[in-house]
Amino acid sequence: MSRIIAITNQKGGVGKTTTCVNLAASLSATRRSVLLVDLDPQGNATMGSGVDKRQLELSGYNLLLDDTPIEQIIVDAEVAGYHLLPANSDLTAAEVQLIQVEDREARLHRRLASVAANYDYVLIDCPPSLNMLTLNALTAADAVFIPIQCEYYALEGLSALLETVEQIRDAVNPGLEIEGLLRTMFDARNNLANQVSEQLLEHFGDKVYRTIIPRNIRLAEAPSHGTPVLKYDQASRGAIAYLALAGELVRREQERQAGPQHDTEAEDEDEAPPPDTAAVNDAEPNLSENAD
Ligand SMILES: Nc1ncnc2c1ncn2[C@@H]1O[C@H](COP(=O)(O)OP(=O)(O)O)[C@@H](O)[C@H]1O
Ligand SMILES: [Mg+2]
């Protein structure tokens, strides 16, 4: 069954696009079929997938505002290993024009309906704001995945985002889940990063992914070569972390499908399971060694 995941956080520079591109490539490497939907007018996910945003004939603009068949807009990002619904600055115009369109938050949802089943995963890269494009992503998605850079203001924006998710749930998309929170650009030598990480585990428990994405120069370099890190330096810590992330995503899904574990029926569990702080501690020495 296909699953649509919006990778979102209204803060810029927290690792949304990096996560979208590299998670898509890692899922593809494990033989899952993936469609990446670039919903950011900056088109960074498009470029990072090896597709030139300046040469698009069709893009997300056509997806949201006219009836061009979606199959004609999707391109094969061959180097990256997945299909891409590309974007460029035309999406800025689309965002403005959408305001006059009926059912404007549900455009993406309706357009994806005909192709989503062709893929195991549809990953949506959101722009850095809670605008109409992001609302389209949240309306279309089964779940949101939230990259968080562990720094001072990390938690502040989070409550606004979670409120928005709640509102979307109430209004149009009752099944919208929080898939998880992902610690990105993590530098274990930084005390503040460790403190924020602990706070996240305290507040969100099991929703915090065990996989931590370290700060890794290869992840920052790969986009300028128009490729996910897996094709650029597959032995890098960044590549290994995103492969682990794909593994965790798939494993969590399998566990959900298997249903509640036998021991959970024994008692009423109001509280989330205790956070696995050991995983963070274990990860530290390795991360700091190679945080480059
Ligand atoms: N784990 C990481 N290590 C090093 N650099 C990273 C990492 N993740 C992202 N970056 C870099 O940080 C910048 C912002 O990341 P990006 O994924 O574009 O964030 P967003 O999409 O949330 O704005 C980019 O230049 C990217 O290459
Ligand atoms: Mg981005």
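What follows is a walk through this structure, from the overall layout to the strands, the core, the ligand shell and two backbone oddities. Keep in mind throughout that this is a predicted model.

Start with the big picture. The chain has 292 residues, and 47% of them count as buried. Its secondary structure comes to 13 helices and eight strands. Long-range contacts carry a lot of the weight: take the contacts with a separation of 6 or more, and 79% of them join residues 24 or more positions apart.

A good place to step inside is strand β6, residues 143-149. Six of its seven residues are buried, so the rest of the structure largely encloses this strand. On one pairing, β6 runs parallel to β1 (residues 3-7), with three bridges between them; here isoleucine 5 sits opposite alanine 143 of β6. On another, β6 runs parallel to β7, this time joined by seven bridges. Look for isoleucine 148, which faces arginine 183 in β7. To get from β6 to β7, the chain passes through helix α8 (residues 154-171), making a right-handed β-α-β crossover.

Carry on along the chain and you meet that pattern again. β7, helix α9 (residues 191-204) and β8 form a right-handed β-α-β unit. The two strands of this unit are parallel, paired over three bridges, and phenylalanine 186 stands opposite proline 214 in β8. As for β8 itself (residues 208-214), five of its seven residues are buried, which leaves the strand mostly covered.

Now step back to helix α7, residues 132-140. How much of α7 is buried? Nine of its nine residues are, so the helix is largely enclosed by the rest of the structure. That run of buried residues includes Met132, Leu133, Asn136 and Ala137, with the polar-looking Thr134 and Thr139 buried too. It's worth rotating the view to see what they touch: the buried residues of α7 pack against the strands β1, β5 (121-125) and β6, and against the helices α5 (90-98), α6 (107-112) and α8.

Ala137 of α7 also brings us to the nonpolar core. The largest such core has 81 residues, and Ala137 is among those with the most contacts inside it, along with Ala24, Leu36, Leu123, Ile124 and Ala141. The largest share of this core comes from helix α12 (residues 237-258), which puts in seven residues.

Pick isoleucine 124 as a vantage point. Beyond its neighbours within four places in sequence, Ile124 is in contact with Ala6, Ile7, Val37, Leu39, Ala137 and Ala141. One of those partners, leucine 39, deserves a closer look. Leucine 39 lies in the loop between β2 (34-38) and α2 (44-48). Is this loop residue buried or exposed? It has 28 other C-beta atoms within 10 Å, and 20 or more is enough to count, so leucine 39 is buried. Setting aside neighbours within four places in sequence, its contacts include Gly60, Ala87, Ile124, Asp125, Leu133 and Ala137. Leucine 39 and leucine 91 are 52 residues apart along the chain, yet 7.5 Å separates their C-alpha atoms.

On to ligand 1. Its shell holds 18 residues, with Gly15, Lys16, Thr17, Thr18 and Ala220 the closest. By type, the shell splits into seven nonpolar, nine polar and two charged residues. Helix α1 (16-29), strand β7 (177-186) and helix α10 (217-221) each supply at least two residues, and α1 gives the largest share, three. So β7, which we met pairing with β6 and with β8, also turns up in the ligand shell.

Finally, two spots to check in the backbone. Most residues other than glycine have a negative phi. Aspartate 103 has a positive one, near 60°, and methionine 185 does as well, near 50°. Their settings are worth seeing side by side. Aspartate 103 is in the loop between α5 and α6, and with 11 other C-beta atoms within 10 Å this residue is exposed. Methionine 185 belongs to strand β7, and because 23 C-beta neighbours lie inside 10 Å, methionine 185 counts as buried.

Technical notes
Residues are numbered from 1 along each chain as its sequence is written. Chains are lettered from A and ligands numbered from 1 in the order in which they are written. This is a predicted model: local features need pLDDT of at least 70, side-chain atom pairs count only at pLDDT 80 or more; totals for chains, interfaces and linings use all residues. A residue is near a molecule or strand if its C-beta atom, placed from the backbone, lies within 6 Å of it. Helices (H or I, at least four residues) and strands (E, at least two) are DSSP runs, numbered from the N terminus. Ala, Val, Leu, Ile, Met, Phe, Trp, Tyr, Cys and Pro count as nonpolar, Asp, Glu, Lys and Arg as charged, and the others, Gly among them, as polar. A residue is buried if 20 or more other C-beta atoms lie within 10 Å of its own, exposed if 12 or fewer, and partly exposed in between; C-beta atoms are placed from the backbone. Two strands pair if DSSP finds at least two bridges between them. A crossover is right-handed if, with the strands pointing away from the viewer, the path from the first strand over the helix to the second runs clockwise. Two residues are in contact if their C-beta atoms, placed from the backbone, lie within 7 Å. A nonpolar core is a set of buried Ala, Val, Leu, Ile, Met, Phe, Trp, Tyr and Cys residues joined through C-beta atoms within 7 Å.
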